[in-house]
Amino acid sequence: MKNLTVNYRGVILEVEGEHTKGEEADYEYPGSPDEFEIETVCAGSKINIYDILETSQIYELEKICIAKINEQN
């Protein structure tokens, strides 16, 4: 489980989820991208707001988390 602090549209969020590293492509295999599956999204006083986010917002957060993990590595 990975815990990240991200800035999403000016709001600081604590995101917890599972990161899976992508695989390299080669001639016979197209590879796969990095993935981040969010478990919880907390704002303010640790209130989990995951259930009130729209699917598009969750996808945006996943992309932000993947970018942040790649920056750290």
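In the hairpin formed by S3 and S4, where 3 residues lie between the strands, Gly 44 adopts a positive phi near 60°; strands here are DSSP runs of E with at least two residues, helices are runs of H or I with at least four, and both are numbered from the N terminus. The model is predicted, so that local features need pLDDT of at least 70 and side-chain atom pairs count only at pLDDT 80 or more, while totals for chains, interfaces and linings use all residues. Residues are numbered from 1 along each chain as its sequence is written, and side-chain values use heavy atoms, with hydrogens and water left out.

S3 pairs with strand S4 (residues 47–48) in the antiparallel sense over 2 bridges, pairing being assigned if DSSP finds at least two bridges between two strands, and Cys 42 stands opposite Asn 48 in S4. S2 and S3 are also paired in the antiparallel sense, over 8 bridges, with Gly 17 opposite Ile 38 in S3.

The largest nonpolar core (buried Ala, Val, Leu, Ile, Met, Phe, Trp, Tyr and Cys residues joined through side-chain atoms within 4.5 Å) has 16 residues, and Leu 13, Phe 36 and Ile 38 are among those with the most contacts inside it. Two or more residues each come from S1 (2–8), S2 (11–20), S3 (35–43) and H1 (55–72), the largest share, 5 residues, being that of H1.

Glu 62, also in helix H1, is buried yet has no salt bridge, and the nearest side chain of opposite charge, Lys 63, is 8.5 Å away. Buried means under 20% relative accessible area, exposed over 50% and partly exposed in between (1.4 Å probe, protein chains only); a salt bridge requires a side-chain nitrogen of Lys or Arg within 4 Å of a carboxyl oxygen of Asp or Glu, and for charge Lys and Arg count as positive and Asp and Glu as negative, His and the chain ends not being counted.
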